[in-house]
Each structure stands twice: as C-alpha cells, then as structure tokens.
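The exercises below ask you to read local geometry and burial from a model, and each is followed by a solution in steps. Try each task on the structure before you read on.

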Amino acid sequence: MSTKTEFASKIGLIAATVGSAVGLGNVWRFPAEAQANGGSAFLLLYILCVLILGVPVMLAEFSLGRSTRSDSIGAFRKLTPDKPWWIVGATAVVASYLILCFYMVVAGWTLEYLWGSISGELYAGIENLGESEMRGFFNGKMEYYVQSEYRPVMFLSIAIAINIGILLGGVQKGIERLSNILMPVLFVILAVMVVVSLALPGAGAGVTYFLKPDFTKITPISVVNALGQAFFSLSLGMGILITYSSYYPKNTNLMKTSIIVSLLSLLVAVMMGLVIFPAFKSFGLDSEPMQGATLVFVTLPEIFARLPLPQLWSTLFFLLLAVAAITSTISIAEVSIATLQDRLHIGRKKAVLTILLPLAVLSALPSLSFSSLSDIKIFGLTIFDFLDSFSTNILLPLVSLGVCVYIGWILPGKFLRDELTNHGHLHAWPNTIAQQIIRYVAPLLIILVFIYNLL
C-alpha cells in the first residue's frame, strides 16, 4: 500500500488547489485584459477558454499525478519507463523554478507594501498634495520600495522565510493547514473590497463598463489573450497540478475538483473586476491603461489615498495580495521539493532548504540588488521580465502541449477513462468529451498560443 502523504480533507484539498491557482493572473492581469478587450466580452471568452482548455488540461495533469502518486518527472517515468516523456515533467520543474524566482520577488514587494500600509509609511506626506500630484508621489514610492538597495532584499528574505516555515510543515500541517485559513481570508477580504468599491460615487458606471460586453474590441489576439489568461490563472504547465494531485486520495472526484477550482478562480477574477472598474470610474481613471505592477503598486494606492481611512483599505488589499502570493509561491516551490524528495530520496527538510536557501543567499548579496539586476538585459528585457516571458510564454505551453499529447495519444484511452470514473465508480459520460478535447482541441489551441507568443 502506498505511504504517500495525502490531503486530510476534501475542503483542504480544494483550498490548497485553489490557492495554487489564485495569484497575480487573477489580480492584475485579468482587469488589464478585460479593459483592453471589451470588458465582459473578454470575460465571456475567458470563461469559454477555461471550460474548453483549462478544465481538460487540468484533468490531464490531475490524472497523471493521482494515478502515479509521484512528482512531475516520476509520473511520466512510472507510466512509460522506457521512453523519454519524462522530459515534459522535467521542463515543468524548470519552468516552475524560474517562475518561483520572480514570483518570490513580487511576494517580497507585496509584504513591503503591506508593512508600508500598516505603518502608514506608504501614505506619509500626502496630506498637502493635490490630485494631480498623487501619481508622481506613488511612482516615487514604488521606485523607493522596489529599487532601493537593501529594503526589498529584506522583505524578499521574509517572504522566503515564510515559505520555508510553511513548507517544512509538510503537506497536511503546512500547505493544507495554511490554505484552510488563508483562502477563506482571501475571499472575505475580496468581498469587503467589492462592497466598498460598489459604494463609491459613480460606481454603477464602472460596473456597466465591466459587465456590458463590447464585442467590437474582440479580435483574434483577444482570443489568444483569453487562452493565455486561462492558462496562467489555472497554473497549467507548471507541474503544480501534477504534484498536488499526487497528494489526492484515490477516491477524489477529479472532474468535480477541476470544475470547483476553475469556478473559484473565475470568481476571484470577476470580483477583482468589481473592485477595480468601479473605483477607476469613480475617480475618473477609466481612460488610463491598467498595467500590471503599476496598477497594483501605483494606481490602487492612489485610489486608496482618495478614500476615507486609506491605510485600512490599503492594508486589506495588500493583505489579500500577500495571501495570493504566499499560497502561489508555496505551491510553485512544492513542485521542485517533491521532485527532489522522490528522485533523490531525501527528507523533506533537506529538500525544502535545498530549493529555497539559494534564493535567500542570493537575495542577501548587495551586488544583486534590484536596481543592479534591472540593468541586466536579455533580448532587450530585464532579467525579471525575461524569466517571466520565457517561462510563461514558452515553457508552460510546451509542457501543457506535451501533457495533452501524452494523455491523448501515447497512453491508452483506458487510462484517462479509469481516472475520471475512479475505475468505474463515477459517471462515464464526461470522459468522452474530455478525452476528445485533450486529443484534438487543446493541442491546437495551445499551439495557437505558442505561435502567437513567439511572434
């Protein structure tokens, strides 16, 4: 009998998997894409892409992990030991570690802004500023918080220490216990932020802007962006879903789990839209582009500054972002940790420290400060932008394509059917649809995203 550690409860299993999916893709990428691609017209495209691409690819990864009870590399080795398909799993591990490097940096920035909100430092000096001066003020704050030589290094080290503490607790006492606490906190904070945003003067116009579809803005590029959004927001191709599903009990309903996780991830994205669009409209910022880090670290603090009790709303928002960042980083790190444990047969403590301590050591070197790293260019991109672009635009689509081809064409059809029906104990009808999408539709859509990203 397998001695593989399992999640202790269905709620914990769902909370951990949702925590791995909910991250920056929901918080800052979705509002920007919705603004640029027709509001809810993009939302409808995104929902379709989650259902057509997200759920089937998620099922493929779930089936690999739960059936083999192994890491991303071991899953392929167990099923096809004499073939080199393990390279797909190895690519997922590499991609996840590259993503971990810059995601941890953003987690450090988030903790820095959370502390600045709690202490009041973020808003110190705004009392005598006019509205036209706010943007320059918060641009200066971002430059100070992100690019000063030692400050971001300190908060990055704190983010790494938090991850080490959680991951040393293992699957049940670390990942699952934390997720059971933090995911409800995230949804409660998000609900409060939605209520506050909807209560702003003129908020209704922002809701209309977000929820009234403008199909004239939909282009082929919009479809590709919606595919990419579904891809990124559900953590596909990173090895996370294979790794986490290896901790699922054998009787887990994979179809139900994938739908719940996808719907909750969609819910977070929609709620973020209901936070941001009414606030932008209320303060006359709706004509400004919503751009990633600038949206989160400049524009939203500026909006909070115009509200009563700005420290309170800023603290709640950056606590929400910190929750999303921490649950994401622990899931990304777990991919490499599980691989070391299974491949090298080492203890969890040694695996955790082997993966995360190098990041802590590098962050402590003054020569690798954020300001100096930002000067390093690779193909015209900063090192952080390159890691982001290379991993999310190249490696993740390659991994997901490999998984779909592997499940759809290399393994016998009985494999996926048995996994989705729990060997005949669940309804079989969804299997046929999922299997055909994994074989034909998903690979074509992933190739489309991949080609677009290369161009």
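**Exercise 1: a helix and what follows it**

Helix 5 is followed by G120, a residue with a positive phi, near 90°. The model is a predicted one, in which local features need pLDDT of at least 70 and side-chain atom pairs count only at pLDDT 80 or more, while totals for chains, interfaces and linings use all residues. Residues are numbered from 1 along each chain as its sequence is written, and side-chain values use heavy atoms, with hydrogens and water left out.

Task: describe the span, the bend and the burial of helix 5 (residues 86-119).

Solution. Begin with the span: helices here are DSSP runs of H or I with at least four residues, numbered from the N terminus. The 34 residues of helix 5 reach 49 Å from the first C-alpha to the last, close to the 50 Å expected at 1.5 Å a residue, where the expected span is 1.5 Å times one less than the number of residues. Next, look along the axis, which bends by about 25° at C101; the bend is the angle between axes fitted to the seven residues ending there and the seven starting there. Finally, consider the surroundings: helix 5 is mostly covered, with 25 of its 34 residues buried, that is, under 20% relative accessible area, whereas exposed means over 50% and partly exposed lies in between (1.4 Å probe, protein chains only).

**Exercise 2: positive phi outside glycine**

Task: find where L309 lies and decide whether L309 is buried or exposed.

Solution. Start from the background that most residues other than glycine have a negative phi. L309 has a phi near 55°, a positive value in a residue other than glycine, and its place is the loop between helix 13 (292-305) and helix 14. L309 is exposed, because its relative accessible area is 57%. H345 can be treated likewise, since its phi is also near 55°; H345 sits in the loop between helix 14 and helix 15 (348-363), and with a relative accessible area of 71% it is exposed.

**Exercise 3: a serine in helix 14**

Task: which residues are in contact with S331, leaving aside its neighbours within four places in sequence?

Solution. First place S331 in helix 14 (residues 310-344), then note that S331 counts as buried because its relative accessible area is 1%. With those sequence neighbours left aside, its contacts (heavy atoms within 4.5 Å) are S20, I240 and Y244.

How values were computed:
Helix = DSSP H or I, 4+ residues; strand = E, 2+ residues; numbered from the N terminus.
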